[in-house]
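The following exercises concern strand pairing, backbone torsions and enclosed space in one protein model. Each task is followed by a solution in steps.

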Amino acid sequence: MNQVMRRSACCLLSSLLLWSCVGCTKAAHESSGDGSAQSSSENDDAAKQAYKAFTVDALDRVAVDDLNSSGKLVLVNKLGAKSVHGDGAIPFAQKVDENNMYYVVSMCKQKEQAPYSFVLYKDGQPHTLITREACTSNGIETVSLSAKNFPDATSLSIINIGNTDLVVSVYEVKEHHHEPS
């Protein structure tokens with residue numbers, strides 16, 4: 001396929017992915033704030049080190065530390081993880097309780113800008129969590145969605161155009177509730 005046709009196909013797919021995501025991005029962003037994991041300089045240093053290593057283990061260490069120190073979310077289960085170049089899928093190890101959330105943590109590297117999406121699947125039915133036009137940072141990003149918005153998902157697909165490398169971990173988390181004293 002020549003360069004013009006490839007770029008046209010990429011633009012078309014990107015537009016379709018963005019259109020399919022209308023309505024879900026608001027839900028994803030309501031749960032995750034601005035989608036980036038940013039807190040103290042210690043966490044930023046850990047995120048930079050994880051990005052430098054660019055492995056599932058490095059990503060998991062930072063994500064679990066961030067969840068444990070956030071006081072807002074509690075890790076329930078790790079659903080799966082994968083390092084991909086191009087498209088990929090992460091089958092979930094178990095079902096997510098409808099009262100909890102899907103919590104996707106990722107790192108991204110690209111040689112040239114290209115879109116990618118994270119899509120939840122259940123029985124062949126897709127629900128786009130987020131579509132990015134390109135990698136947005138040299139760090140760790142998160143997006144979450146209440147399981148009530150798409151119950152019983154069985155996997156997360158990574159739809160990826162171009163030479164994008166991604167490290168992705170998916171967790172089940174719940175909101176932290178303080179017990180009255």
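**Exercise 1.** Determine how far strand E4 is enclosed, and identify its partner strands.

*Solution.*
Step 1. Six of the seven residues of E4 are buried, so this strand is largely enclosed by the rest of the structure. Here, buried means under 20% relative accessible area, exposed means over 50%, and partly exposed covers the range in between, with a 1.4 Å probe and protein chains only. Strands (E, at least two residues) and helices (H or I, at least four) are DSSP runs numbered from the N terminus.

The model is predicted: local features need pLDDT of at least 70, side-chain atom pairs count only at pLDDT 80 or more, and totals for chains, interfaces and linings use all residues. Residues are numbered from 1 along each chain as its sequence is written, and side-chain values use heavy atoms, with hydrogens and water left out.

Step 2. On the E5 side, E4 is joined by seven bridges in an antiparallel arrangement; two strands pair if DSSP finds at least two bridges between them. Valine 119 has threonine 128 in E5 as its bridge partner.

Step 3. With strand E7 (residues 155-160), E4 pairs over six bridges, again in the antiparallel sense. Phenylalanine 118 stands opposite isoleucine 158 in E7, and serine 117 has isoleucine 159 as its bridge partner there.

**Exercise 2.** Place E4 in its sheet and state which strands stand at the edges.

*Solution.*
Step 1. The order of this open, four-stranded sheet is E2-E7-E4-E5, with antiparallel pairing.

Step 2. The edges are strand E2 (88-91) and E5; each has a single partner strand, so one side of each lacks a neighbour in the sheet.

Step 3. On average, neighbouring strands of this sheet are turned by 20 degrees against each other, direction ignored. Axes are lines fitted to C-alpha atoms, for helices over the stretch in contact, and angles run from 0 to 180 degrees between N-to-C directions.

**Exercise 3.** Describe the sheet that contains E3, and the helix that packs on it.

*Solution.*
Step 1. The strands are ordered E1-E8-E3-E6 in an open sheet of four, with antiparallel pairing. Strand E1 (73-85) and E6 are at the edges with a single partner strand each, so one side of each is left without a neighbour.

Step 2. E3 and strand E8 (residues 164-175) run antiparallel and are joined by ten bridges. Within this pair, tyrosine 103 stands opposite tyrosine 171 in E8.

Step 3. Helix H4 (residues 56-70) packs on the sheet and touches E1, E3 and E8, contact meaning heavy atoms within 4.5 Å. The direction of H4 makes about 30 degrees with that of E8.

**Exercise 4.** Locate two aspartates with positive phi and classify their exposure.

*Solution.*
Step 1. Most residues other than glycine have a negative phi.

Step 2. Aspartate 123 has a positive phi, near 50 degrees. It belongs to the turn of the hairpin formed by E4 and E5, which has two residues between the strands. Aspartate 123 is exposed, with a relative accessible area of 76%.

Step 3. Aspartate 152 has a positive phi of about 65 degrees and lies in the loop between E6 and E7. At 33% relative accessibility, aspartate 152 is partly exposed.

**Exercise 5.** Characterise the cavities of the model and their linings.

*Solution.*
Step 1. On a 1 Å grid over the protein atoms alone, a cavity is a set of points where a 1.4 Å probe fits but cannot get out; lining residues have an atom within 4 Å of a point. Grid points are joined across faces, edges and corners, and a volume is the space filled by probe spheres set on the points. Two cavities of 30 Å³ or more are found in the whole structure.

Step 2. The largest cavity has a volume of about 50 Å³. Its lining includes Val104, Tyr116, Phe118 and Arg132, and E6 gives the most, with three residues.

Step 3. The second largest cavity holds about 40 Å³. Among its lining residues are Met107, Cys108, Cys135 and Gly139, and E3 gives the most, with three residues.

Step 4. The lining of the largest cavity divides into five nonpolar, two polar and two charged residues; that of the second largest divides into four nonpolar, four polar and one charged. In this count Ala, Val, Leu, Ile, Met, Phe, Trp, Tyr, Cys and Pro are nonpolar, Asp, Glu, Lys and Arg are charged, and the others, Gly among them, are polar.

Methods
1 Å grid on protein atoms, 1.4 Å probe; cavity = no way out; pocket = protein on both sides within 12 Å on 5 of 7 lines; lining within 4 Å.
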